[in-house]
Structures are given as C-alpha cells and as structure tokens.
Amino acid sequence: MRVHHLNCGSMRPLGGTLVDGSPGLFRPANIVCHVLVVEADDGLVLVDTGFGVADLTNPRTNLPAPFVALVRPVRDPSQAAVRQLAALGYAPGDVRHIVLTHLDLDHAGGLADFPDARVHVYGPELRAALTPATRGERQRYRQAHWAHEPKWETYEPVSGSAWMGFDGVRELAGLSSDFLLVPLAGHTRGHCGVAIQSSSGWLLHAGDAYFNRAEMQNPPSCPPGMRVFETLMQVDGDARRGNQERLRGITGEVRLFSAHDAEELHAFTE
Ligand SMILES: [Zn+2]
C-alpha cells in the first residue's frame with residue numbers, strides 16, 4: 001500500500017525552540033498537521049484530516065479566538081487535504097474512509113470536505129465531542145466540523161486484543177486488517193493511534209499522544225513551551241504518561257510519528 005504524508009495545516013506559535021525544539025528562539029515555531037493518504041484496494045483512506053478549507057480560508061471566523069491568537073494557524077486553504085488531493089488528481093469522493101486519532105479541531109477540521117466518507121472514530125471520543133462536558137471540551141471540539149452528519153463508524157473499548165503490547169486494539173469496518181485503531185487515551189477521552197501495515201512495514205500515527213520527537217527518546221525530554229501546552233490540553237495525565245512510556249518501548253519494526261512534529265513529517269517527505 002502506498003502512503004502519502006501531507007501537512008494539512010501549518011501553525012506558527014511564538015517561541016521558536018521553546019515550542020518546537022529546533023534551533024532559534026526569535027522565530028515562530030514550526031508546527032504541522034501530519035495527515036496520511038493511503039492508497040488502499042478500494043479507494044483512498046485518510047488518517048486524520050487536519051484543518052478544512054473553511055478553517056484555512058477564515059481561521060478567525062471558524063476557529064476559537066484564543067486558539068487562533070496562541071497557535072496562529074496559517075491562512076492557506078491550499079494546505080487542506082481536499083486541495084492537496086485535487087493536485088494529485090483525486091476527487092473528494094475517492095476518499096472512502098477517514099480514520100481519526102481524535103476529534104480536536106486540528107484533526108477533524110477537514111471532515112466536511114469529504115461528506116461521503118465513512119468516518120472511523122473511537123466511541124468514547126465521539127461521545128466527548130458530541131456532548132462536551134467542560135469549557136475546554138466545548139472549545140476544542142467544533143460542532144460545525146460534523147454538522148453535515150458524517151457516516152460515523154464507532155468502536156467501543158474491548159480488552160485483550162493486543163498489538164505490539166497495546167491493549168484493546170480494533171480492526172476497522174470495511175477495511176483490511178492492515179488498519180488498526182490503537183487506544184491511547186489521555187490527551188482526550190477517546191484519543192487513539194492508527195496503525196497501518198504499509199509496503200515498507202508498520203506505521204503508527206500516534207496523533208497527539210506526544211508532541212515532540214524528543215519525548216520518544218530515552219531519557220525523554222520536551223521543549224518547555226510544548227510541555228505546558230500538552231499539560232493544559234490533557235484530560236488524563238496518568239493515562240497520557242503511561243501511553244508515552246509504552247510508545248517509547250516500541251521496537252524498530254514499527255515506524256512511529258506524531259501529528260505535529262515538523263521534523264518527523266520531513267523525514268517522510270524529503
Ligand atoms: Zn492536535
């Protein structure tokens with residue numbers, strides 16, 4: 001299976017190395033939305049969507065004001081997945097499935113650009129998004145992103161179905177066993193990773209289970225600005241840290257990456 005790695009939304013928060021860990025303090029940080037396009041047997045499968053055309057056309061109108069002020073998404077609709085796919089010669093209807101790590105605005109923003117796709121999401125995450133319980137959840141989940149009523153495919157927690165040391169792993173309806181939903185709660189109530197067996201081996205898109213590549217090193221570290229953001233956004237710190245520990249134990253047979261680290265994305269696209 002051929003896998004394309006796209007950036008579907010650049011963000012430029014202030015703070016340089018304090019946020020993204022690359023050299024230079026007096027520059028905006030470079031944050032991406034790492035989206036996968038998988039050429040599967042019966043059509044395209046997206047893993048996450050990044051921001052949508054509407055978000056990137058008018059960030060100030062479509063996204064919460066505190067998020068826009070702090071994270072500074074770049075106004076560039078050509079980064080939306082549907083626009084990048086058009087440049088590759090694909091129509092929106094060619095995307096048959098979308099598998100989401102979670103429903104935060106920077107991961108589910110493009111759903112409305114693919115209204116016919118089946119959208120696979122962990123049940124606890126969909127419930128959190130549709131019935132947000134806190135002010136934080138009302139900010140991070142944008143009801144406009146699913147106002148078109150997607151064809152949801154939901155998965156409830158199970159125990160005992162293990163993959164590479166992770167429990168509760170689910171295969172996905174209508175997709176081959178080369179696609180797996182890997183529960184990694186903590187960032188949100190139903191956050192997951194998505195594993196894909198590509199022609200060059202297993203990939204694991206870890207979503208926002210971690211934010212910076214240095215968090216996967218032994219010993220781990222994290223740029224301080226990103227650590228603050230990560231902690232502010234978590235719903236369960238113990239679960240998040242436990243999952244990071246498990247992710248650090250992943251062996252070389254799985255290629256691991258997160259949603260927002262520009263260097264991790266660059267390693268796939270250079
Ligand atoms: Zn995110």
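**Note on the predicted model: backbone, metal site, core and surface**

1. D48 sits in the loop that runs between strand 3 (43-47) and helix 2 (53-57). The structure is a predicted model, and these comments should be read with that in mind. The backbone at D48 deserves a look: phi is near 65°, which is a positive value in a residue other than glycine. Is D48 buried or exposed? D48 counts as buried, because its relative accessibility is 1% and the limit for buried is under 20%.

2. R72 is another residue other than glycine with a positive phi, here near 55°. Its place is the loop between helix 4 (65-71) and helix 5. R72 has a relative accessibility of 33% and therefore counts as partly exposed. The two loop residues can thus be set side by side: D48 is buried at 1%, whereas R72 is partly exposed at 33%.

3. A further backbone feature is found at P219. The peptide bond leading from N218 to P219 is cis, and its omega is near 0°. P219 belongs to the loop between strand 10 (201-205) and helix 9.

4. Which protein atoms bind the zinc ion as donors? They are D106 (OD), H107 (NE2), D208 (OD) and H260 (NE2), at 2.1 to 2.3 Å from the ion. Along the chain these donors follow the spacing D-H-x100-D-x51-H. The histidines H107 and H260 join distant parts of the chain, being 153 residues apart. H107 is in helix 6 (residues 105-108), and H260 is in the loop between strand 11 (254-257) and helix 11 (262-269).

5. The geometry of the zinc site is irregular, with angles of 83 to 161° among the four donor atoms. Why is the site not counted as tetrahedral? A tetrahedral site needs all angles between 85 and 135 degrees, and the range of 83 to 161° goes outside those limits, so the site does not qualify. As for the two histidine donors, H107 counts as buried because its relative accessibility is 1%. H260 is buried too, with a relative accessible area of 3%.

6. L85 lies in helix 5 (residues 81-87). Its relative accessibility is 1%, so L85 counts as buried. Which residues does L85 touch beyond its neighbours within four places in sequence? The contacts are V37, L44, L46, Y90, V95 and F114. For one of these partners, V37, the C-alpha atom is 8.7 Å from that of L85, although the two residues are 48 apart along the chain.

7. Now the surface. L18, L25 and F26 make a nonpolar surface patch of about 360 Å². One of these residues, L18, is in helix 1 (residues 17-20). L18 counts as partly exposed because its relative accessibility is 41%. L85 makes a simple contrast, being a leucine that is buried at 1%.

8. Side chains of opposite charge can pair when their charged atoms come close. The count of salt bridges in this model is 11. One of them is between E230 and R240, with an N to O distance of 3.2 Å. This pair links distant parts of the chain: E230 is in helix 9 (residues 224-233) and R240 is in helix 10 (residues 237-248), 10 residues apart. Both E230 and R240 are buried.

9. Helix 10 also holds salt bridges of its own. D238 pairs with R241, and their closest N and O atoms are 3.1 Å apart. D238 and R241 are three residues apart in helix 10, so about one helical turn separates them. Are these partners buried or exposed? D238 counts as exposed because its relative accessibility is 60%, while R241 is partly exposed at 43%.

10. A second pair in helix 10 is R248 and E245, which meet in a salt bridge of 3.3 Å, N to O. R248 and E245 are three residues apart as well, which means a separation of about one helical turn. R248 counts as buried because its relative accessibility is 14%. In addition, R213, D261 and E263 are joined into one network by salt bridges that share partners.

Note on methods:
Residues numbered from 1 in each chain as written. Predicted model: local features only at pLDDT ≥ 70, side-chain atom pairs only at ≥ 80, totals over all residues. Heavy atoms only, no water. Patch = residues over 30% accessible without salt bridge, like charges linked within 9 Å, V, L, I, M, F, W, Y side chains within 5 Å. Areas by Shrake-Rupley, 256 points an atom, 1.4 Å probe, with all protein chains shown as cover. Salt bridge = Lys/Arg side-chain N within 4 Å of Asp/Glu carboxyl O. Helix = DSSP H or I, 4+ residues; strand = E, 2+ residues; numbered from the N terminus. Buried < 20%, exposed > 50% of the residue type's maximum accessible area, 1.4 Å probe, protein only. Contact = heavy atoms within 4.5 Å. Donors = N, O, S within 2.8 Å, 3.2 Å for Na, K, Ca; no water. Tetrahedral: all angles 85-135°; square planar, octahedral: opposite > 155°, others 65-115°.
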